[in-house]
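The exercises below ask you to read a model step by step, with each task followed by its worked solution. Please keep the sequence and the coordinates at hand while you work.

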Amino acid sequence: MIDDAIRVLAGDCTVIAEDADRAEYRGRVTTIVKPDNTVLVHDVDGYQPVAWLTRADSVSSDRRDGFTLVAKKGTQTLRIAAHEREGFAHYPSSAAGTPVGTCPDCGGALVRSSGVHCVGCGDRYGVPADATIRDEQCDCDCGLPKMRVERGLAFNLCLDRGCESLDAAVKQAFDREWACPTADCDGDLRIRRRGGLIAGCEHYPDCDTGFAVPAGVVDGACGCGLPTFETRSGIRCLDATCDRALEGPLEADSAADD
């Protein structure tokens, strides 16, 4: 669904802001109440509101005899009373984002903000923060765009994880691909989700070795035996605490010892 409506109240109002002190204003103002209960009171001058209360704990309003609005947050109170009402309205709202395609269900614009959502019908799709939304459509019948996500390999998957699962793709590519580096452990690293994608020892909880799978592409082997990843910030080991990523693979170490 589309986010809760933005409420707009306009008129000749008295505005009282109370906290440690008290300030009172009178004028023709427009008050905006956002879905997160942020209240902004604007007059004709400048870009800064005359008064505001960010993410109030409560907002109540009464449309009788013009309108009144009371917002409270802790010790702060913002009161607005209309002597003459010009308008009182609710407008549908959603997060604004970069256009990335067209919704196959309603024809509305798909935009990317924290995830991807449709401005028309409000359908939402969660995407990793590092994902790139592509122009081409996926191969399934949903008609959504593809996204490119790097998790060891560069995967091009449907925006809807119900159609194509990033977890399943990474598991198919890397499950049991690497041995657990813990001494005296003969386990393989399994791809699992625990908060995020991890490569964790199959003998968990007896062996709790595990590493978050980074956003990047495998490009070689670390001196510790684990894979290295080419990421946006440079080359790093699967083990984020390892400082041997630039030493090269174990074979190079063995040759040097000989």
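**Exercise 1: one helix and its surroundings**

Find what happens at the start of helix 1, where a side-chain oxygen of Ser165 comes to within 3.3 Å of the backbone nitrogen of Asp167, and then determine which residues of helix 1 (166–174) are buried.

Solution. The model is a predicted one, in which local features need pLDDT of at least 70 and side-chain atom pairs count only at pLDDT 80 or more, while totals for chains, interfaces and linings use all residues. Residues are numbered from 1 along each chain as its sequence is written, and side-chain values use heavy atoms, with hydrogens and water left out.

Step 1: helices are DSSP runs of H or I with at least four residues, and strands are runs of E with at least two, numbered from the N terminus.

Step 2: Leu166, Ala169, Val170 and Phe174 are buried, that is, under 20% relative accessible area with a 1.4 Å probe, protein chains only. They lie on the same side of helix 1, because they cover an arc of only 105 degrees around the axis, taken from the directions from the helix axis to the C-beta atoms.

Step 3: these buried residues pack against strands 13 (145–158), 14 (189–194), 15 (196–201) and 17 (216–221).

Step 4: Arg176, which follows helix 1, has a positive phi near 65 degrees.

**Exercise 2: a sheet**

Work out in which order the four strands of the open sheet are arranged.

Solution. The order is 8-9-10-11, with antiparallel pairing, where a pair requires at least two DSSP bridges. Strand 8 (98–102) and strand 11 (124–125) are the edge strands, each pairing on one side only. Four bridges join strand 8 to strand 9 (109–112), and Gly101 stands opposite Leu110 in strand 9.

Note on methods
Buried < 20%, exposed > 50% of the residue type's maximum accessible area, 1.4 Å probe, protein only. Contact = heavy atoms within 4.5 Å. Polar contact = N/O pair within 3.5 Å; in protein donor to acceptor, adjacent residues only side chain to side chain.
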